[in-house]
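Visitor: I'm new to this, so could you walk me through the structure with a few questions?
Guide: Sure, let's take a look together.

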Amino acid sequence: MSLVFPLPMPVLETPRLLLRRFQQDDLEEAFSWASDDEVTRYVFWSTNRNRSETQQFLDYCFQEYEQRGIGPWAVELKETGTVIGECAFGGIHAADLRIEIAYFFARPHWGKGLALEALLALLRFGFEELGVNRMEARCMVPNTASERVMQKAGMQYEGTLRELVFAKERFHDMKVYSLLRVEWMARAAL
Ligand SMILES: CC(C)(COP(=O)(O)OP(=O)(O)OC[C@H]1O[C@@H](n2cnc3c(N)ncnc32)[C@H](O)[C@@H]1OP(=O)(O)O)[C@@H](O)C(=O)NCCC(=O)NCCS
């Protein structure tokens, strides 16, 4: 039993969002949030300083779609058609049926429950369509907004991994949350 590449990457729809593949013409909108120091404060990648850095990210997405079938989702706000963020299966551990989720949203769209909406769509897709056994999310300790999103999604706090990652010139403790397939299915059955 294992996840087998290429994995499917359907468009995921929530009440307010479409999660779909990035396209070349998303460059400008992606740059607008990837170049915001507030968005990158608690993430490992550096604030994009020019469009060619965002283009490198898009090229990485296109390569992932091509080689593995799946890569980062562009988060499109249905009402405006604007790409307001990204979410991804940051780590796919195929043999363990385990996936780590990451998400990033443009600042004007924080605090409206959109990250929760996207996270629930990714959990549903992973558990119900890919047959994943465990889905995880991690955040830096001060990233309380991200932690709150994990809690609202019903994920369980498992602990803090000390000095797990070296990024931006220092080590970072990371909080780990997870949800198991049996827990998701029990909820879905309610
Ligand atoms: C983290 C992030 C995705 C949250 O997105 P969002 O759409 O605002 O999330 P939601 O609206 O679904 O929920 C945010 C929750 O955090 C709470 N929150 C926000 N800032 C907070 C803070 N400083 N302290 C405590 N809670 C906070 C909100 O009140 C809300 O909880 P509530 O619904 O109980 O009121 C968004 O802030 C972001 O993109 N940050 C930059 C990138 C990032 O850090 N990504 C995560 C990496 S692990």
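Visitor: How far apart do the centres of the positive and negative side chains lie?
Guide: Keep in mind that this is a predicted model. The protein has 22 positive side chains and 27 negative ones. Take the centre of each set, and the two lie apart by 5 Å.

Visitor: What radius of gyration does the protein have, and does it agree or disagree with a compact globule?
Guide: A compact globule with 190 residues would come out near 16 Å. The value for this protein agrees with that, because its radius of gyration is 16 Å.

Visitor: How many helices and how many strands are there?
Guide: Reading along the sequence, you go through β-β-α-α-α-β-β-β-α-β-α-β-β-α. Each α is a helix and each β a strand. The totals are six helices and eight strands.

Visitor: Does Lys168 count as buried, partly exposed or exposed?
Guide: First, find Lys168 in the loop between β7 and β8. Its phi is near 50 degrees, which is a positive value in a residue other than glycine. Buried means under 20% relative accessibility and exposed means over 50%. Lys168 has 38%, so it counts as partly exposed.

Visitor: In which strand does Glu163 lie?
Guide: Glu163 also has a positive phi without being glycine, near 45 degrees. Look at residues 156–167, and you've found its strand: β7.

Visitor: Which peptide bond is cis?
Guide: Go to the segment before β1, where you'll find Pro6. The bond leading into Pro6 has omega near 0 degrees. That cis bond runs from Phe5 to Pro6.

Definitions and conventions: Residues numbered from 1 in each chain as written. Predicted model: local features only at pLDDT ≥ 70, side-chain atom pairs only at ≥ 80, totals over all residues. Heavy atoms only, no water. Helix = DSSP H or I, 4+ residues; strand = E, 2+ residues; numbered from the N terminus. Rg over C-alpha atoms; globule rule 2.2 N^0.38 Å. Lys, Arg positive; Asp, Glu negative; His and termini not counted. Charge placed at Lys NZ, Arg CZ, Asp CG, Glu CD. Buried < 20%, exposed > 50% of the residue type's maximum accessible area, 1.4 Å probe, protein only.
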